[in-house]
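Reader: I should like to learn how the features of a structural model are read, one at a time. Could each be introduced in general terms and then shown in a particular case?

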Amino acid sequence: MRISVIGCGYLGAVHAACMAELGHDVVGIDVDQHKVDELGAGRAPFFEPGLPEVLTKALETGRLRFTTDMSAAAEATVHFVAVGTPQTKGSFNADLTYVDAAIDGLLPFLSEGDLVVGKSTVPVGTAARLAGLVEGAKSGATLAWNPEFLREGFAVQDTVSPDRFVYGVPSGDAGAAATAVLDEVYATALATGTPRIVTDYATAELVKVSANAFLATKISFINAMAEVAEATGADVTQLADAIGHDARIGRKFLNAGLGFGGGCLPKDIRAFRARGDELGLHDTLSFLGEVDAINLRRRERVVTLTRELVGDLDGATIGVLGLAFKPNSDDVRDSPALDVVTKLVEAGATVTAFDPEANETATRSLPTLTTSETAEDAVRGADAVLVLTEWKEFRELDPAAVATLVAHKRVVDGRNCLDAVAWRAAGFEVRGLGRP
Ligand code: UDX
């Protein structure tokens, strides 16, 4: 099939490359010339395991190209809209400027029978509004909403073989035709039995935001239990293991620690609440405010634990391991780690941080940040070591070796990822979140 992907950020770049990998002819379109040049040269503008390989292979076959020229969409019959919907400055609402601009830019290049497929995460009701524009255009094209559930770090795998497909389509023949087109696009994954749910626009939009709201709630639930554990001397990691054995609960997304960050969960729960307010559902979704508050409190807790360990943060030297919002990513958007670093610096601490992939993105976001080239350099001479992202290389650090580098043997495990027994055996005072 001939596909265009409008917006080549995280979602769009991965989607374009993976669609070409599946055998389609794909043009990725983005307003950012630098991004287009990088992608066209087979370089991912962000760290995502496996993506450079898929990009390079697809570019070599000639089935994938990138351009800033929207008219290239005229060659395609299926158009994925994969632009960002960030949090609006000064409010919780999703900023739909980029989605609206993408649809506006695309309309003149649509032909009879084309399918426009929204992939961006949007407030419920957006697809119905955009469908009016797409169908109203002289082209006679149709709109479908096909949310994306990919996780950073697993983006290629999640795109090529997702847990499920969700198609939000109009009723009647247009919906049946849209479903048939999407089935052809995703034929490879569907052939392996990937479930697909065909539904209306509103349900499709809500599947995405409610899935993210559920995941965020699950994380904040266990972090609330961490607060209870801290008040009672219980151990939240053992508690998570124990309740996680109940298949109805499940152990996944029950890791207590510094909480969730990134480009999706925080802004999506806020936008969902804001949309709920508009729909007169303030009370219904107000619990998401608690989910957010619990999440943000964990960051304060790490700062408090550090203060307890070092006495006074003013003048303390802190070695921070991890800046990305999660391992296997260089993404620092709404990163809990970066927030903790900011709070420590504000309190007068001297911080040196190291992240295997996110030093550069973090420095771009926080220009005053001091980073080091290695974990060893970050912890050298530190009054306390903070592990804020659970990269494998931090989990595997030898505490005896770290002990020879630091000024004081103190560690705060912000992700409950260290072997506390081994660190204590090496002489460290260890503090975790929700652990005695
Ligand atoms: C998320 C959703 O998982 C994905 O389906 C959606 O498409 C986009 O948003 P992502 O942001 O890549 O994906 O990260 P995810 O792996 O979900 O982790 C989100 C955050 O939660 C991270 O900061 C992570 O550290 C944190 N987390 C996750 C926890 O604190 N505890 C857990 O048990 C799991």
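Author: The dialogue below moves from the whole chain to single residues. The model is a predicted one.

Reader: What radius of gyration does the chain have, and what would a compact globule have?

Author: A compact globule with 436 residues would have a radius of gyration near 22 Å, and the chain has 23 Å, so the two agree. The C-alpha trace spans about 70 × 50 × 40 Å along its principal axes. The chain has 19 helices and 14 strands, and buried residues make up 48% of its 436 residues. Among contacts with a separation of 6 or more, 71% join residues 24 or more positions apart.

Reader: How should one read the nonpolar interior, and which residues touch the most other members of the largest nonpolar core?

Author: In soluble globular proteins, nonpolar side chains tend to be buried together. Here the largest nonpolar core has 89 residues, of which Val5, Ile6, Val14, Ala16, Ala17, Val81 and Ala144 touch the most other members. Helix 9 gives the most to this core, with eleven residues. Apart from this core lies another, of 47 residues, among them Leu305, Ala324, Leu338 and Val351.

Reader: Which residues does Val14 touch, leaving out those up to four places away in sequence?

Author: Val14 touches Glu48, Leu51, Leu150, Ala155, Val156 and Thr159.

Reader: How does one recognise the buried side of a helix, and which residues of helix 5 are buried?

Author: An α-helix has 3.6 residues a turn, so residues three or four places apart point the same way. In helix 5, residues 126-136, the buried residues are Thr126, Ala127, Leu130, Ala131 and Val134. They lie on the same side of helix 5 because they cover an arc of only 125° around the axis. The face turned away from that buried side carries the exposed residues Gly132 and Gly136.

Reader: Against which elements do the buried residues of helix 5 pack?

Author: The partners are helix 4 (97-106), strand 5 (115-118), strand 6 (142-145), strand 7 (165-168) and helix 9 (201-232).

Reader: Helix 4 is one of those partners. Is Tyr98, which lies in helix 4, buried or partly exposed?

Author: Tyr98 counts as partly exposed, because it has 19 C-beta neighbours inside 10 Å, whereas a buried residue needs 20 or more. Leaving aside neighbours within four places in sequence, Tyr98 is in contact with Gly7, Val83 and Gly84. Tyr98 and Gly118 are 20 residues apart in sequence, and their C-alpha atoms are 12 Å apart in space.

Reader: How is the surrounding of a ligand described, and which residues are the closest to it?

Author: One may ask which residues form the shell, and then of what classes they are. In this model 19 residues surround the ligand, and the closest are Glu152, Asn255, Phe260, Gly262 and Cys264. By class, the shell has ten nonpolar, six polar and three charged residues. Helix 9 gives the most to this shell, with three residues.

Reader: Can a charged residue be treated in the manner of the others; is Arg299 buried or exposed?

Author: The same count of neighbours applies to each residue. Arg299, in helix 13 (residues 287-310), is buried, because 21 other C-beta atoms lie within 10 Å. Not counting residues up to four places away in sequence, Arg299 touches Leu258, Pro336, Asp339, Val340 and Lys343.

Reader: Where is Val341 found, and what does it contact beyond its neighbours within four places in sequence?

Author: Val341 is found in helix 14, residues 336-346. Val341 counts as buried because it has 27 C-beta neighbours inside 10 Å. Its contacts beyond those sequence neighbours are Val320, Val351, Ala353 and Leu369. Val341 and Phe80 are 261 residues apart in sequence, with 38 Å between their C-alpha atoms.

Reader: Finally, what is to be made of phi, and what is its value in Phe253 and in Asn416?

Author: Most residues other than glycine have a negative phi. Phe253 has a positive phi, near 60°, and Asn416 has a positive phi near 45°. Phe253 is in the loop between helix 10 (236-244) and helix 11 (265-278), and counts as partly exposed because it has 16 C-beta neighbours inside 10 Å. Asn416 is in the loop between strand 13 (410-413) and helix 19 (420-425), and counts as buried because it has 21 such neighbours.

Key:
Residues numbered from 1 in each chain as written. Predicted model: local features only at pLDDT ≥ 70, side-chain atom pairs only at ≥ 80, totals over all residues. Buried ≥ 20, exposed ≤ 12 C-beta atoms within 10 Å, placed from the backbone. Helix = DSSP H or I, 4+ residues; strand = E, 2+ residues; numbered from the N terminus. Arc of directions from axis to C-beta. Contact = placed C-beta atoms within 7 Å. Core = buried A, V, L, I, M, F, W, Y, C linked by C-beta atoms within 7 Å. Near = placed C-beta within 6 Å. Nonpolar A, V, L, I, M, F, W, Y, C, P; charged D, E, K, R; others polar. Rg over C-alpha atoms; globule rule 2.2 N^0.38 Å.
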